[in-house]
Amino acid sequence: MEEIAQPVNTSSPLSDTQGLTPDTLVYGFTVAENARISPDGTRIMYTLARTDRGTGARLAQLWTADVDGTNPRQLTTGGRVSEDGIWSPDGTRIAFVSDRIADRGGPARYGLYVLPAGGGEAQELAGHQAPISGLAWSPEGRSLAYTTLFDPDDPDEAGLPRGVLPPVRVTRRVDYKQDGRGYLGDVRLQLFVVDVETRVRRILTREPFDHYDPAWSPDARTVAVRVATLNGMRSHLGLVDVATGSIEPFGPGEGDINQWAWSPDGQRIFLAGDDLCTSQTDFFLLEVARGELTRLTHDLAILPALQRLGPPSQPVWLDDDRVLAHAIHRGASGLYIVNVASGAYDVVARWTATNAGLSVDDRRRYAVQVQGSLNSLGEIMVTDLVSGESGTVTANSASILVNWPAAEWERIDVEHGGVTIEAWLLFPPGFNPARRYPLVLDVHGGPQNYYGYDFDVGQQALAAAGFLVVFCNPSGSTSYGREFTQRVVGDWGGKPFAELMAVVDAVLERPYADPDRTGILGYSYGGYMTAWTIGHTNRFAAAVCGAPDFDVTSMWGTSDIGHVYFPQQWGGDPHEVPDSYRDYSPSTYAHLVTTPTLIIHGEADERCPIGQSEEMFVALTRAGCETEFVRYPACAHGFRRTAPPAYRVDYLTRVTNWFRTHLGEAR
């Protein structure tokens, strides 16, 4: 079932209703996360999460409801957070993670618990200092696998005694730090198994790499995990022997994997991966006994969904010959049935929305996911795999959006240089086509990433503040196939810049878009593209540049992934292709910038270190350009989603106010 995008009605004004404010966008919503259907297909379990306005704390508890969303009931109450619930194979118990263990005052901060599915007292199985993730029941329900951080120098998680200085840090590995985690040393996510009855736990892996998302083999003898190296820039499938902890690596060359699932008989593993580091995955089939990996596809038009909004959307075997997979195509989520012999696939359902996770009952009747769209977020989507019908069964955001509606939108196509650029245009509340509105272009990160049918709080805040907001997928964007994704390699500021300007030109042809009052906004690669743009044109009246890659050479040596990622983008290290690093650095053209620019950065960013913004601020100040530099303490690269809520409100407010000051309001 496919929904067709409908353009906004521009023939008459919309209702004159105040839009979503930064405060409402951060504090106002309660959203569903990590939805899972019971083995018998009758109930859904999910996390309901919100941000407390008084304390800024994230509050989350487990709920259950019938498969049609009726009869919702809160299942847990302890701690501030109880989440990531999974059903036992027989549906009688639920395992989950909670911070309630910290209330006892002991050393552990996070606990693993099991409780009866009908409610009752939770039993504590394990506790750790670091967050617990990746819960997975063994097929017979006797054990649980999970991952948590393990420090080989502190195996008992005792921490430093009071008053003792941290040890001097010495490293011999290039992946010694990671964005969001800081200095790592040899601390990595390792695989644990705990016996549910005896509560005896064992650590299974000790390789100095991160291990993610355990999946048990049908005979419970092996656990498959994603083994991530070089800060996740490379990964492979690891098959861990539960008895001995020995691990066998499999995967598509020196690339990456992001989805996998055991066949019903345990003889094969279906996986999605990329052996060429192109940011476009293909399907593979692993014959476990022979260790033989067969490539099923060579250039998928769809993008098997990455871990973007929640747990990975792991595929599900429907029978011995077919797999159900979640993937993104042209910025939209879909469910696809894949033939494991040929790699051919058929569409089950496709939405103008972005889904996360994938849970299917034992009969393979219902598929459950969490969904967000351009006008909703945090809802549970149920798809009937027999009829193909699907629909949301919750209305968590309805109480907010009925009073503060999301922006109306329109999908548009722009032809440039022989390719079609897909774009979306958001309209302010109370939009009146007889007036003229300032326009803001929002550029996505990556560059090999995508925008699409998703609820973006930054875009919604700008639209609510009275701006037309346009965003698009220029060359390099994913979910359009490998050729389109690779168009950006070695040309970050070339084709994408021309295509972005063509999208702006197309919108400015409309009588209600004011060409004299346009702005540009971008974060990460979007920040690179913003810095590049204002160094190559003065058409924009204001810019907001977030966490940019400003100088490609210095970024190569200071980013946690620059030394891995940049050589594949530019064809070598800086000493090998110095012209590319220089010519495609926005810093080379910063002396030409006249656009008033707000620079925003988290001070704990290891992906695009804050030195990039420091360089840009000095360069623009020396050029005589109006510039303001905002630094968010202890915030990593993803701070717009993960920072303390007060900082997130501040960010949204500063951005909208910068554009209000320099672009004005509708006239």
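Begin by selecting arginine 226, which lies in strand β16, residues 222-229. The structure on display is a predicted model, and every stop on this tour should be read with that in mind.

**Arginine 226 and its surroundings**

Arginine 226 has a relative accessible area of 15% and is therefore buried, the cut-off for that class being under 20%. Show its side chain together with that of serine 235: a polar contact of 3.2 Å joins the two. Next, extend the selection to the residues that arginine 226 touches, leaving out those up to four places away in sequence. These are Asp210, His211, Tyr212, Gly232, Ser235, His236, Asp256, Ile257 and Trp260.

**Alanine 220, in the loop before β16**

Move to alanine 220, in the loop between β15 (210-216) and β16. Its phi is near 65 degrees, a positive value in a residue other than glycine. Most residues other than glycine have a negative phi. Is alanine 220 buried or exposed? Its relative accessible area is 18%, so alanine 220 counts as buried.

**Lysine 177**

Select lysine 177, placed in strand β11, which spans residues 177-178. Lysine 177 has 13% relative accessibility and therefore counts as buried. Which residues is lysine 177 in contact with, leaving aside its neighbours within four places in sequence? They are Gly182, Tyr183, Leu184, Asn231, Thr558, Ser559, Asp560 and Glu606.

**The second largest pocket**

Leu184, one of the contacts of lysine 177, leads to the next stop. Display Asp151, Asp153, Asp154, Leu184 and Val187, the lining residues that lie nearest the centre of the second largest pocket. The full lining of this pocket comprises 25 residues, and its volume is about 960 Å³. Colour the lining by class to see 12 nonpolar, four polar and nine charged residues.

**The sheet around β33**

Select strand β33, residues 419-427, where eight of the nine residues are buried. Add strand β32, residues 408-416, which runs antiparallel to β33 and is joined to it by nine bridges. Within this pairing, aspartate 413 stands opposite glutamate 422. The hairpin of β32 and β33 has two residues between the strands, and glycine 417 takes a positive phi near 60 degrees there.

Now add strand β35, residues 468-473. β33 and β35 also pair in the antiparallel sense, over five bridges. To find a register point in this pairing, show alanine 423, which stands opposite cysteine 472 in β35. When inspecting side chains here, recall that in a regular strand they alternate between the two faces of the sheet.

**A cis peptide bond**

Continue to proline 447, in the loop between β34 (437-443) and α3. The peptide bond from glycine 446 to proline 447 is cis, with omega near 10 degrees. Most peptide bonds are trans.

**The second largest cavity**

From that loop, proceed to helix α3 and the second largest cavity. A search of the whole structure finds two cavities of 30 Å³ or more, and the second largest has a volume of about 40 Å³. Select its lining: Gly458, Ala461, Leu462, Leu521, Tyr651, Leu652, Val655 and Thr656. Which helix gives the most to this lining? It is α12, with four residues. Both α3 (457-464) and α12 (645-663) supply at least two residues each. By class, the lining has six nonpolar, two polar and no charged residues.

**Helix α6**

Select helix α6, residues 525-534. Why is α6 described as largely enclosed by the rest of the structure? The reason is that 10 of its 10 residues are buried. Along the helix these are Tyr525, Gly526, Gly527, Tyr528, Met529, Thr530, Ala531, Trp532, Thr533 and Ile534. An α-helix has 3.6 residues a turn, so residues three or four places apart point the same way.

**Alanine 547**

End at alanine 547, in the loop between β37 (542-546) and α7 (552-558). Its phi is near 40 degrees, a positive value in a residue other than glycine. Alanine 547 has 0% relative accessibility and so counts as buried.

Technical notes
Residues are numbered from 1 along each chain as its sequence is written. This is a predicted model: local features need pLDDT of at least 70, side-chain atom pairs count only at pLDDT 80 or more; totals for chains, interfaces and linings use all residues. Side-chain values use heavy atoms; hydrogens and water are left out. Buried means under 20% relative accessible area, exposed over 50%, partly exposed in between (1.4 Å probe, protein chains only). Two strands pair if DSSP finds at least two bridges between them. On a 1 Å grid over the protein atoms alone, a cavity is a set of points where a 1.4 Å probe fits but cannot get out, and a pocket is an open set with protein on both sides within 12 Å along at least five of seven lines; lining residues have an atom within 4 Å of a point. Grid points are joined across faces, edges and corners, and a volume is the space filled by probe spheres set on the points. Ala, Val, Leu, Ile, Met, Phe, Trp, Tyr, Cys and Pro count as nonpolar, Asp, Glu, Lys and Arg as charged, and the others, Gly among them, as polar. A polar contact is a pair of N or O atoms within 3.5 Å; within protein, one must be able to donate a hydrogen and the other to accept it, and residues adjacent in sequence count only if both atoms are side-chain atoms. Contact means heavy atoms within 4.5 Å.
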